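Work through the exercises below with the sequence and the model open beside you. Try each task before you read its solution.

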Amino acid sequence: MTQRRPLIAGNWKMNCLRADGLELVSALVAKAAEKGSLGCDVLVCPPATLLSDVVNAAQNSAVQVGGQDCHAETSGAHTGDVAAAMLADIGASYVLVGHSERRADHDESSTVIRQKAIAAHDAGLIAVVCVGETEQERDLGATLPVVNGQVAVSVPDGASAKNTVIAYEPVWAIGTGRTASVAEVAEVHAAIRAELVERFEDGDEFRILYGGSVKPSNAAELLAVADVDGALVGGASLKVDDFWKIIETCA
């Protein structure tokens, strides 16, 4: 079986002013330095306003930095947007695309997300492509068709395990305190894996993260599930001790 190195990613969303963000990343960098060897890759995705400061604070450390979104175009009249090349230029190495909040709040389709992932790849970034079903879709028994459809369209043909990570985040479990059961997570991650293996030569090497109210109390159980190769952490990533406890489950 392919040995996939876990990835623990923290999505700060629209949180933290400059002082808060610097304090958070500095504490994380210090913990990583003290630990020495980590059992996983560590990523934080701060708001765009903090990217430069966070990149500088994390320089030469085990903490990698990513953007929360990018535009599909390389430049142009797109007020308020950020190009993937701009993220790479500032020192980011990853970018989230297709987060459920972008899909819902900005009506982003899987086609748009595929275009963003291509832009990320062209800029030399690793795209973290997010997929997941709503509560209504799960209640209707449509989870697998919805998620497989999102993977099929959102992940471009040029994707590989080196430039793409998949994050499964059931929308109904984000910020609600609800967490998918181990059986539910296993079923969806297995379906995503099958889709990747069918499409890509290195499909078994892609990392698939679970995201949805991941916290210290449930991280070990979730990360022990087959085909769960890490976590996309929301609220718990804003508390360095909680985020670090999740990272330590990979030791």
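**Exercise 1. Strand 7 and the strand beside it**

Task: In strand 7, which residue is the bridge partner of V165, and how many bridges join strand 6 to strand 7?

Solution: Begin with the single pair, keeping in mind that the model is a predicted one. The bridge partner of V165 in strand 7 is R207. A further pair can be found at Y168, whose bridge partner in strand 7 is Y210. Taken as a whole, strand 6 and strand 7 (residues 207-210) are joined by 4 bridges, and the two strands run parallel. Next, follow the chain from one strand to the other: from strand 6 the path leads through helix 8 (residues 182-199) to strand 7, and this β-α-β crossover is right-handed.

Now look at the two sides of strand 7. R207 and L209 lie on one side, I208 and Y210 lie on the other, and all of these are buried, so that both faces of the strand are covered.

**Exercise 2. The surroundings of strand 6**

Task: Which residues point one way from strand 6 and which the other way, and which residue of strand 6 does V131 stand opposite?

Solution: The general pattern comes first: in a regular strand the side chains alternate between the two faces of the sheet. In strand 6, T164, I166 and Y168 point one way, while V165 and A167 point the other way, and all of them are buried. This agrees with the count for strand 6 (residues 164-168), where 5 of its 5 residues are buried.

The next step is the pairing with strand 5 (residues 126-131), which runs parallel to strand 6 and is joined to it by 5 bridges. Within this pairing, V131 stands opposite Y168.

**Exercise 3. Two helix packings**

Task: At roughly what angle do the axes of helix 5 and helix 7 cross, and at about what angle do helix 7 and helix 8 pack?

Solution: Recall that two packed helices are described by the angle between their axes and the distance between the axes. For helix 5 (residues 110-122) and helix 7 (residues 143-154), the axes come within 8 Å and cross at roughly 40 degrees. Because of that angle, helix 5 is oblique to helix 7. The crossing in which helix 5 passes helix 7 is right-handed. As for the residues that meet, S110, T111, I113, R114 and A117 belong to helix 5, and their counterparts in helix 7 are Q150, V153 and S154.

For the second pair, helix 7 and helix 8 have axes 10 Å apart and pack at an angle of about 35 degrees. This crossing, too, is right-handed. Among the residues in contact here are T143, L144 and V147 from helix 7, and E187, V188 and A191 from helix 8.

**Exercise 4. Buried or exposed?**

Task: Is L232 buried or exposed, and is T49 buried or exposed?

Solution: First place each residue. L232 lies in strand 8 (residues 230-233), whereas T49 is in the loop between strand 2 and helix 2. Then compare each value with the cut-offs, under 20% for buried and over 50% for exposed. With a relative accessible area of 6%, L232 is buried. T49 has a relative accessibility of 69% and therefore counts as exposed.

The contacts of L232 add to the picture: leaving aside neighbours within four places in sequence, L232 touches residues including C130, A167, L209 and Y210.

From T49, the chain leads on to helix 2 (residues 51-58), where L51, D53, V54, V55 and A58 are buried. The elements that cover these buried residues include helix 1 (18-35), strand 2 (41-45), strand 3 (63-67) and helix 3 (84-90).

**Exercise 5. Positive phi values**

Task: Where is K13 found, and what is the approximate phi of C16?

Solution: As background, most residues other than glycine have a negative phi. K13, found in the loop between strand 1 (7-11) and helix 1, has a positive phi near 55 degrees. C16 lies in the loop between strand 1 and helix 1 as well, and its phi is positive at about 85 degrees although C16 is not a glycine. With a relative accessible area of 24%, C16 is partly exposed. Finally, N60, just after helix 2, takes a positive phi of about 60 degrees.

Methods
Residues are numbered from 1 along each chain as its sequence is written. This is a predicted model: local features need pLDDT of at least 70, side-chain atom pairs count only at pLDDT 80 or more; totals for chains, interfaces and linings use all residues. Side-chain values use heavy atoms; hydrogens and water are left out. Buried means under 20% relative accessible area, exposed over 50%, partly exposed in between (1.4 Å probe, protein chains only). Two strands pair if DSSP finds at least two bridges between them. A crossover is right-handed if, with the strands pointing away from the viewer, the path from the first strand over the helix to the second runs clockwise. Axes are lines fitted to C-alpha atoms, for helices over the stretch in contact, and angles run from 0 to 180 degrees between N-to-C directions. Angles under 35 degrees count as roughly parallel, over 145 as roughly antiparallel, 65 to 115 as roughly perpendicular and the rest as oblique. A crossing is left-handed if the near helix is turned anticlockwise from the far one by less than a right angle, and right-handed if clockwise. Contact means heavy atoms within 4.5 Å.
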